[in-house]
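Student: Could we go through a protein model together? I'd like to learn how the labels people put on it are earned.

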Amino acid sequence: MKIVACNSNLPLAEAVAAELGLPLCNTTVRRFADMEVFVEIHENVRGEDVFVVQSTCTPTNDNLMELLIMLDALRRGSAKRITAVMPYFGYARQDRKSGPRTPISAKLVANLLVEAGASRVLTLDLHAMQIQGFFDIPVDNLYAAPLFVRDIRAQYGDRDLMIVSPDVGGVVRARQLAQRLNTDLAIIDKRRERAGVSEVMNVIGDVRGRHCLLVDDIIDSGGSLCNAARAIAAQGAASVGAYVTHGVLTGQSVERVADSPIEMLTLTDSIKATDAVRAARNIRQVTISGLLARAMRAVADESSVSSLFD
């Protein structure tokens, strides 16, 4: 079993390797003068079970190319099995035709990964569950919910909690977390006028006096989450927090979160924290290194991965 790290999230790869008690494979991932990606593996990988850790986050296309070229190098190096460990799967929001003559980019990325040499994909909280069906190889989709449940119990104790979905599309995710915590669920009904702009219309559920936790898989611009937080606060919530798996956080999103009623936004480290995120007073990260390490060990040992969902 060997662990290979590309450049998108080296701290997470190092933490996973430490959890497994293994060193990272000795590799070089660099750019030529014209920014072409060059990869070189300095260890023998013939017959090895290799795991490549790479989130396809910003800069998405560069990180995706790094991963594809690394997969190709390992395949040509005769690795026995190559698992693409993608804590954050980029292009996941383009999972269907949103209009005439538009692409399904998540399917294209799936094809590229398979053609490049991936034997298996290990990821976390896919934006759309049907993306697993885009692959003709095994896909293990892990969930951050068990990690969030433990953290919520540690951070909030016996407070009167209510889980809130910031939109109708996230109800299933929020309901599962509410069931694990044995608490109530509220839903934000919103209408989106155009991409990246949302308007909260109504809060479904009585949040007055409750400590509300918004739950989502991705925060990008932060507009939807912050609008939802304001709507909840206006309805008399005792406090508002948020748990989100992937902190994409583009543009002025960190400042937007800082100016919102959200007391604390908790993210996983599926995406490496920027300087702005690390400096933010109301944003923190919890690590998924242990979860990924256990999943990778289960794959290598041919044991159950679904046991990690509990």
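Tutor: Sure, and keep in mind that this is a predicted model.

Student: Let's start with Lys 190. What does UniProt list it as?

Tutor: An unreviewed UniProt entry lists Lys 190 under "active site". In the model, Lys 190 is in strand E9, residues 184-194.

Student: Why is Lys 190 called buried?

Tutor: Buried means under 20% relative accessible area. Lys 190 comes to 18% relative accessibility, so it counts as buried.

Student: What makes Asp 167 buried?

Tutor: Use that cut-off of under 20% again. Asp 167 has a relative accessible area of 19%, so it is buried too. Asp 167 is in the loop between strand E8 (161-165) and helix H5.

Student: Which residues does Asp 167 touch, leaving out those up to four places away in sequence?

Tutor: Asp 167 touches Ile 187, Ile 188 and Lys 190. A touch here is a contact, with heavy atoms within 4.5 Å.

Student: How far from Asp 167 is Asp 216 in space, C-alpha to C-alpha?

Tutor: Those two are 8.9 Å apart in space, although 49 residues separate them in sequence. Both are also among the residues nearest the centre of the largest pocket, along with Arg 93, His 127 and Asp 217.

Student: How much space is in that largest pocket, and what lines it?

Tutor: The largest pocket holds about 1,300 Å³, and 43 residues line it. Its lining divides into 16 nonpolar, 15 polar and twelve charged residues. Helix H4 (145-156), helix H5 (171-181), E9, strand E11 (211-219) and helix H6 (223-234) each supply at least two of the lining residues.

Student: And what about the second largest pocket?

Tutor: The second largest pocket has a volume of about 200 Å³. It has 13 lining residues, and the closest to its centre are Gly 247, Val 248, Ile 271, Lys 272 and Thr 274.

Student: What makes an empty space a cavity rather than a pocket?

Tutor: In a cavity a 1.4 Å probe fits but cannot get out, whereas a pocket is open. Counting those of 30 Å³ or more, this model has one cavity. Among the residues lining the largest cavity are Tyr 88, Phe 89, Leu 124 and His 246. Six of its lining residues are nonpolar, two are polar and one is charged.

Student: Now the helices. How do you know that the span of H6 agrees with what a helix should give?

Tutor: The expected span is 1.5 Å times one less than the number of residues. H6 has twelve residues and should therefore span 16 Å; its end C-alpha atoms are 16 Å apart, which agrees.

Student: Which residues of H6 are buried?

Tutor: Gly 223, Leu 225, Cys 226 and Ile 232 are among them. After H6 comes Gly 236, with a positive phi near 95°.

Student: How does the reach of helix H9 fit what is expected?

Tutor: H9 has 13 residues, 289-301, and reaches 18 Å from first C-alpha to last, close to the 18 Å expected. Its buried residues include Leu 291, Leu 292, Met 296 and Val 299.

Student: What covers the buried residues of H9?

Tutor: The cover includes strand E1 (2-5), helix H1 (10-20) and strand E4 (49-53). Glu 302 follows H9, and its phi is positive, near 60°.

How values were computed
Residues are numbered from 1 along each chain as its sequence is written. This is a predicted model: local features need pLDDT of at least 70, side-chain atom pairs count only at pLDDT 80 or more; totals for chains, interfaces and linings use all residues. Side-chain values use heavy atoms; hydrogens and water are left out. On a 1 Å grid over the protein atoms alone, a cavity is a set of points where a 1.4 Å probe fits but cannot get out, and a pocket is an open set with protein on both sides within 12 Å along at least five of seven lines; lining residues have an atom within 4 Å of a point. Grid points are joined across faces, edges and corners, and a volume is the space filled by probe spheres set on the points. Ala, Val, Leu, Ile, Met, Phe, Trp, Tyr, Cys and Pro count as nonpolar, Asp, Glu, Lys and Arg as charged, and the others, Gly among them, as polar. UniProt positions are given in the numbering used here, feature names are shortened, and annotations may be inferred rather than shown by experiment. Helices (H or I, at least four residues) and strands (E, at least two) are DSSP runs, numbered from the N terminus. Buried means under 20% relative accessible area, exposed over 50%, partly exposed in between (1.4 Å probe, protein chains only).
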